[in-house]
Amino acid sequence: MTIPRRSWRGTGALVAAAVVGLTGGVISAGPAVAHTPTWAVTCSEVTVDLTNYTSDVPNTVTVSVDGKDLLPTETFGREFHKKLALPDHDKPVTVRLVVKDADGDGKHSIDQTKTGEVCEEEPTPPPSEPAPSKTPSTETPEPSATPSDEPSESAPAVPAPSPSSPDLAETGSSSTTPVIGGAAVAVLLAGGGILWAVRKRRTAQG
């Protein structure tokens, strides 16, 4: 069976219209799912990754912590990637991300908040004792004080002999022995002479 030429033309037009419709649907759906905003918050930093945005429009991104700008409003094109350090904090803080999509009606804009927790402090290890040194000491001992020839003031003095103490007994002859002997002889002679003179005087009187 032969299909008329007009039928071929009509069929071709229908196929072409269907292809165009599908292609248009894919193209129109593409931008709707292309935007990929991702971000994360830890106790110390904020990570922002924005991809597949429209490159020829002024998209903007802003990050704040407890109402204060951590990243002032910044313009970007197709992509935006940045890591921001959180300020020191001793209690949880609120981090806010605002992204404005300048393409079309801005339906891919986001305004989200996350909490930055307090970082846990690592325990401080106990101080380790220093290992004893094996190197021998090179210090020279200081010499002792030079001995003095003078007697020490703290040495006890030798006691002098007391004048009232009795003389030690003499064990030998003394130099005064001849003098004493001569005196005794003189006394005996004098006594004998006196006795002889008295006797002679009495004889003369008798």
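A residue counts as buried under 20% relative accessible area, as exposed over 50%, and as partly exposed in between. Keep that in hand for these exercises on a predicted model.

**Exercise 1.** Work out how Glu74 and Lys82 are paired, and whether each is buried, partly exposed or exposed.

*Solution.* Start with the distance: the closest N and O atoms of Glu74 and Lys82 are 3.5 Å apart. The cut-off for a salt bridge is 4 Å, so this pair forms one. Next, take accessibility. Glu74 has 28%, so it counts as partly exposed. Lys82, at 31%, is partly exposed too.

**Exercise 2.** Find the salt bridge made by Asp111 and say which strands it links.

*Solution.* The side chain of Asp111 meets that of Arg96, at 2.7 Å from N to O. Asp111 belongs to strand E7 and Arg96 to strand E6, with their positions 15 residues apart in sequence, so the pair links distant parts of the chain. Asp111 is partly exposed at 46%, and Arg96 is partly exposed at 38%.

**Exercise 3.** Lay out the open sheet and name the strands at its edges.

*Solution.* Read the order of the 4 strands: E4-E3-E6-E7, with antiparallel pairing. Strands E4 (68-76) and E7 (110-116) each have a single partner strand, so one side of each lacks a neighbour in the sheet. Further in, 6 bridges join E3 to E6, and Val65 stands opposite Val95 in E6.

**Exercise 4.** Decide whether Val46 in strand E2 is buried or exposed, and name some of its contacts.

*Solution.* The relative accessible area of Val46 is 0%, so this residue is buried. Its contacts include Trp39, Val63, Leu70 and Val95.

Note on methods: Residues numbered from 1 in each chain as written. Predicted model: local features only at pLDDT ≥ 70, side-chain atom pairs only at ≥ 80, totals over all residues. Heavy atoms only, no water. Pairing = 2+ DSSP bridges. Helix = DSSP H or I, 4+ residues; strand = E, 2+ residues; numbered from the N terminus. Buried < 20%, exposed > 50% of the residue type's maximum accessible area, 1.4 Å probe, protein only. Contact = heavy atoms within 4.5 Å. Lists of a residue's contacts leave out its neighbours within four places in sequence.
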